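I opened the model to look up a few things: strand pairing, ring pairs, charges over rings and nonpolar cores. My notes follow in the order in which I looked.

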Amino acid sequence: MEQIKQYIDQHRDRFMDELFELLRFPSVSADPKYKDSVLKTADYVAEKLRQAGADKVEICPTAGYPIVYGEKMIDPSKPTVLVYGHYDVQPPDPLELWVTPPFEPTVRDGKIYARGACDDKGQFYMHVKAFELMMQTGTLACNVKFMIEGEEEVGSSNLGIFVKENKEKLKADIVLISDTSMISMENPSLETGLRGLSYLEVEVTGPNRDLHSGVYGGAVANPATILAKMIASLHDENNHITIPGFYDDVVELTADEKTALNSAPYSEEEYKKDLGVEELWGEKGYSTFERTGTRPTLEVNGVWGGYIGEGAKTVLPSKANAKISMRLVPNQTSEKITQLFTDHFLKIAPKNVKVKVTPHHGGEPVVTPTDSVAYKAAQKAITESFGKEPIPTRGGGSIPIVALFEAELGIKTVLMGFGLDSDALHSPNEKYDIYNYYKGIETLPLFHKYFAELSK
């Protein structure tokens, strides 16, 4: 540990400068106008892997954005760790809500503010610097492979093809991912599962053109009103999702699992204060931890239609749209839930409008074993670094590649994230604590050390 801390202290400023340079690339995979920047980001990541000591560094083309691959094979008899991360980021909109520009990283109160600071540039780059540290100090205990993609924020569809076509290249004993969060730095945790995802778009069409709301209002169905009513009907008075069959495959927690999950430190008042809300909302009969980690949800991610510009324009819109995501839990599948939603949404549409449902992407829920060598190695690493054993938790987000790794490569994943739920992922003013960044670089070499020792 002393050797690790000494190396970090010696290179602290450079580690921060390199991360800032990475964060300045507006690598938004969802918007084609950022294409050149996304490609330049891949080049930067590849170069930093080379400088850190990786061999066979490649920028692997796909039908979309490329995958950066690199490896260091020190001994075929030693275990191999496959590090996964993503260099693409969410769109920065709405720009006016950022205190400082999203692609000009800024430090305030010990936190780095920038799009991608936590999700996932700051977190995957910890692995690059931890790898450099192990190479330079002669302490690399495992073979390491890196696979850093550029389409995670848009569903990773081309990564699935890459994995299927490169099984030998990606052969490993465990996948290590830092794209998740901890409860806090005072209460470190390890996520033992992730929810799946079904993401789709709905369109409600009424008249064949926008109409004058004075001339036609009251005689023609307003698609925006109909859409609002349809969306509202998707939850009942207990905030239970009303789609028939939606909960059929849900695996309920055992009493012991509920007790363990809810034993994590939690203050509802602090939770509400952080979010600026007076009351919490959710499925009746479940705690916050259960609602956000072990229960399926349905959320509206965006709604639009009619006139939304400055001033007034009294129209009855021809169309109204919404984007909707559903988080899934074991044993739900994205394919089945997408179909259930589609069938239900079409069925509840009144005859005075036409409805179209367009699926975008999905991913499957996963649960990682807590009795594996890799989990125990992560547990020991965090305990040594933080001085406290990590609490097992369930993550509310989705990383579709985790289920794909298990299906295609036959290997499990360790979710070793150092972010916080309060880091404003996907929101304006995304942040990542400087302390967390360096703590990750400090802890990850310990994982490799213990994974190698426990694998013998």
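**Sheet.** I began with strand β5 (residues 111–113), which pairs with β20 in the antiparallel sense over three bridges. The model is a predicted one. Looking for the bridge partner of Tyr113 in β20, I found Lys431. The two strands belong to an open sheet of three, in the order β4-β5-β20, with antiparallel pairing. Which strands stand at the edges of this sheet? They are β4 (106–108) and β20 (431–433); each has a single partner strand, so one side of each is left without a neighbour in the sheet. I also looked up the twist: neighbouring strands here are turned by 30 degrees against each other on average, with direction ignored.

**Charges over rings.** I stayed with Tyr113 and checked its ring. Arg108 lies over the face of Tyr113, at 3.8 Å from the ring centre. I noted Lys439 as well, which lies over the face of Phe386 at 5.1 Å from the ring centre.

**Aromatic pairs.** I then asked how many aromatic pairs the structure holds. The count is 13. I looked at Tyr7 and Phe15: their ring centres are 6.3 Å apart and their planes stand at 45 degrees, so I logged the pair as tilted. Are these two residues buried or exposed? Tyr7 is buried, with a relative accessible area of 9%, and Phe15 is buried too, at 0%.

The next pair I wrote down was Phe131 with Phe146, which is edge-to-face, with 5.3 Å from centre to centre and 70 degrees between the planes. Phe131 lies in helix α4 (residues 121–137) and Phe146 in strand β6 (residues 143–149), so the pair ties together parts that are 15 residues apart in sequence. Phe131 counts as buried at 1% relative accessibility, and Phe146 counts as buried at 1%. I also found a cluster, in which ring pairs link Tyr266, Tyr271 and Phe289.

**Cores.** Which residues have the most contacts inside the largest nonpolar core? That core has 72 residues, and the ones I was after are Tyr87, Met416, Tyr437 and Phe447. Helix α14 (residues 434–454) gives the most to this core, with nine residues. I listed the contacts of Phe447, leaving aside its neighbours within four places in sequence: Val81, Ile174, Leu176, Ala374, Ala377, Ala378, Ala381 and Met416. Met416 is thus on the contact list of Phe447 and is itself one of the residues with the most contacts in the core. Apart from this core lies another, of 28 residues, among them Ala221, Val250, Ala320 and Ile324.

**Lys48.** Last, I looked up a lysine. Lys48 has its place in helix α3 (residues 35–52). Is Lys48 buried or exposed? Its relative accessible area is 11%, and the limit for buried is under 20%, so Lys48 is buried. Leaving aside neighbours within four places in sequence, I found Lys48 in contact with Glu18, Tyr125 and Val128. I also took one distance from Lys48, to Gly362: the two are 314 residues apart in sequence and 31 Å apart in space, C-alpha to C-alpha.

Definitions and conventions:
Residues are numbered from 1 along each chain as its sequence is written. This is a predicted model: local features need pLDDT of at least 70, side-chain atom pairs count only at pLDDT 80 or more; totals for chains, interfaces and linings use all residues. Side-chain values use heavy atoms; hydrogens and water are left out. Rings of Phe, Tyr and Trp (its six-membered ring) pair if their centres lie within 6.5 Å; planes under 30 degrees apart count as stacked, over 60 as edge-to-face and the rest as tilted. Buried means under 20% relative accessible area, exposed over 50%, partly exposed in between (1.4 Å probe, protein chains only). Helices (H or I, at least four residues) and strands (E, at least two) are DSSP runs, numbered from the N terminus. A charge sits over a ring if NZ of Lys or CZ of Arg is within 6 Å of the ring centre and within 35 degrees of the ring normal. A nonpolar core is a set of buried Ala, Val, Leu, Ile, Met, Phe, Trp, Tyr and Cys residues joined through side-chain atoms within 4.5 Å. Contact means heavy atoms within 4.5 Å. Two strands pair if DSSP finds at least two bridges between them. Axes are lines fitted to C-alpha atoms, for helices over the stretch in contact, and angles run from 0 to 180 degrees between N-to-C directions.
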